[in-house]
Amino acid sequence: MTDKSPNAPAAPIALYTPEIRGNEWKYVKECLDTAWVSSVGAFVDRFEHMLAERMGVRHAVAVTSGTAALHTALNLMGVMHDDEVLVSTLTFIASANAVRYCGAWPVFIDAEPNHWQMDPQRVEEFLTERCERRRDGVYNLRTGRRVRALLPVHMLGHPVDMDPILKLAKKFDLRVIEDAAEGLGVQYKGRSVGGLGDVGCISFNGNKLITTGGGGAVLTNDPELAKRARYLTTQAKDDPLEFVHGEVGYNYRLTNLQAAMGCGQLECVDEFIAAKRAIAEIYCERLHDVPGVTFFNPSPQARCTYWMNTLRIQPEEYGKTSRQLMKELQARGVQTRPLWQPMHLSPAHRGCESVLTGVADQLYSQCLTVPSSVGLRREEAEFVCETIASLASPHSFCHNYREAG
Ligand SMILES: Cc1ncc(COP(=O)(O)O)c(C=O)c1O
């Protein structure tokens, strides 16, 4: 660490570390003591009930990851080989990969500039200008493929503007799969995300608001869909005793051990959200007058969790690019990271169609996610802010920028 400030932290400040402060040890020990460690058990049922209640849906089906939840949800919605699914371009790659697992194709939709979420106007543009309605559905005029579903991603603890998305889905007879991997505790117009479309998906990966080590869940209000999700994620086994499988299923069920941890975590979720909101307040307060540093502007329809606090660094005003700042913070013991490479730029999804305005590209180059652990101490957050403020060099941008190439 090169910083000499008396407030400099003794240890590096991580971007995110899980918080384990409740009954996790006790519940996991119960699994170990009773040997109920695998993919059935009382904690799986308890976790699913707690989760459904928390997410405001009738059913939650616990699975091995958010990615498995997305894959299952797309299957439930009948997404098939050579279908198309409209996906936010600014997302973690799992959202797009899951579409490819079904043999379908993502069409990437740019973000809106205020809250950085899937832009409903671009969805409408694609459906009205690049598609045609046929008797059995909507078809992409260029590829000839059927458009089957919309997959909005509630990103960074803020909701997508869902009303226009749901309206378009109704008008064009499309299914809606919400990627709410980052959305636990996030609300849109007073309702939890993940329960607004036909099916929702959540993740309990290590950096999520609560974690089971790895895990996820499929969320739905439809009992038939929940039943089918259980069936598909348990190898599509038809008979409780005989090994008869009606179709190709998956081994996607969460273990009792992981669910035990999830129960302990979920009991603390309100404390975690309060901590996240307090951290966001410190960042907002301490950084609002640093030139060239801004946040997304939360929508009045939203209740955000600020899952990962993400700053936008405007290099002309701040004097450095986001990547230059990332390196300088790293040298001072502060871990940050860029946003995901937008999917339309990803080599993994080269050649997929997209509807672009340049917003995602700009956010990708300018955004930096800063330490956001539930357990982040006030003085650590303040140190991050002080360091960011002290590194601003608004008059030297041209020099810095040229050096950075
Ligand atoms: C938006 C988004 N979608 C999907 C996933 C995939 O979840 P998992 O890592 O649990 O497979 C993640 C996070 O990892 C995510 O942030």
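How do the residues of the lining of the largest cavity divide into nonpolar, polar and charged? Keep that in mind for a moment, everyone. Before I answer, please remember that we are looking at a predicted model.

Let's begin with the cavity itself. The structure holds one cavity of 30 Å³ or more, and about 40 Å³ of space lies inside the largest cavity. Its lining includes a run from Ala181 through Glu182 and Gly183 to Leu184. Ile202, Ser203 and Phe204 also line it, as do Lys208, Leu209, Ile210 and Trp307. And here is the answer I promised: seven of the lining residues are nonpolar, two are polar and two are charged.

Now for the open space, the largest pocket. Its volume is about 230 Å³. The pocket is lined by 19 residues, and nearest its centre lie Phe92, Ala94, Ala181, Asn205 and Lys208. You have met two of these names already, since Ala181 and Lys208 also line the largest cavity. Which helix gives the most to the pocket lining? That is helix 3, with three residues. Helix 3 spans 66-76, and helix 4, spanning 94-101, also supplies at least two residues. As for chemistry, the pocket lining divides into seven nonpolar, eight polar and four charged residues.

Next, the packing inside the protein. In soluble globular proteins, nonpolar side chains tend to be buried together. Here, the largest nonpolar core has 48 residues. The members that touch the most others are Phe47, Leu51, Leu156, Leu184, Ile210 and Leu363. Leu184 and Ile210 may sound familiar: both are in the lining of the largest cavity too. Several elements give two or more residues to this core, among them helix 1 (24-34), strand 1 (59-63), strand 11 (216-220) and helix 12 (359-366). The largest share, six residues, comes from helix 2, which covers residues 42-55.

Try finding Leu51 on your screen. Which residues is Leu51 in contact with, once we leave aside its neighbours within four places in sequence? They are Ala60, Phe204, Ala217 and Leu266. There is also a second, separate core of 33 residues, including Leu70, Ile177, Val199 and Leu225.

On to the rings. The structure holds three aromatic pairs, and I'll show you two of them. In one, Tyr27 and Phe43 have ring centres 5.3 Å apart and planes at 35°, so this pair is tilted. Tyr27 sits in helix 1 and Phe43 in helix 2, 16 residues apart, so to speak of the pair is to speak of a link between distant parts of the chain. Both partners are buried: Tyr27 has a relative accessible area of 7%, and Phe43 has one of 6%.

The other pair is Tyr250 and Tyr252. Why is this pair called stacked? Because its planes are at 10°, with the ring centres 5.0 Å apart, and planes under 30 degrees apart count as stacked. Are these two tyrosines buried or partly exposed? Tyr250 is partly exposed, at 22% relative accessible area, while Tyr252 is buried, at 16%. The cut-off explains the split, because buried means under 20%.

One last stop: helix 11, residues 322-331. Its buried residues include Ser322, Gln324, Leu325, Met326 and Leu329. After helix 11 comes Gly333, with a positive phi near 85°.

That's my tour. Thanks for listening!

Methods:
Residues are numbered from 1 along each chain as its sequence is written. This is a predicted model: local features need pLDDT of at least 70, side-chain atom pairs count only at pLDDT 80 or more; totals for chains, interfaces and linings use all residues. Side-chain values use heavy atoms; hydrogens and water are left out. On a 1 Å grid over the protein atoms alone, a cavity is a set of points where a 1.4 Å probe fits but cannot get out, and a pocket is an open set with protein on both sides within 12 Å along at least five of seven lines; lining residues have an atom within 4 Å of a point. Grid points are joined across faces, edges and corners, and a volume is the space filled by probe spheres set on the points. Ala, Val, Leu, Ile, Met, Phe, Trp, Tyr, Cys and Pro count as nonpolar, Asp, Glu, Lys and Arg as charged, and the others, Gly among them, as polar. A nonpolar core is a set of buried Ala, Val, Leu, Ile, Met, Phe, Trp, Tyr and Cys residues joined through side-chain atoms within 4.5 Å. Buried means under 20% relative accessible area, exposed over 50%, partly exposed in between (1.4 Å probe, protein chains only). Helices (H or I, at least four residues) and strands (E, at least two) are DSSP runs, numbered from the N terminus. Contact means heavy atoms within 4.5 Å. Rings of Phe, Tyr and Trp (its six-membered ring) pair if their centres lie within 6.5 Å; planes under 30 degrees apart count as stacked, over 60 as edge-to-face and the rest as tilted.
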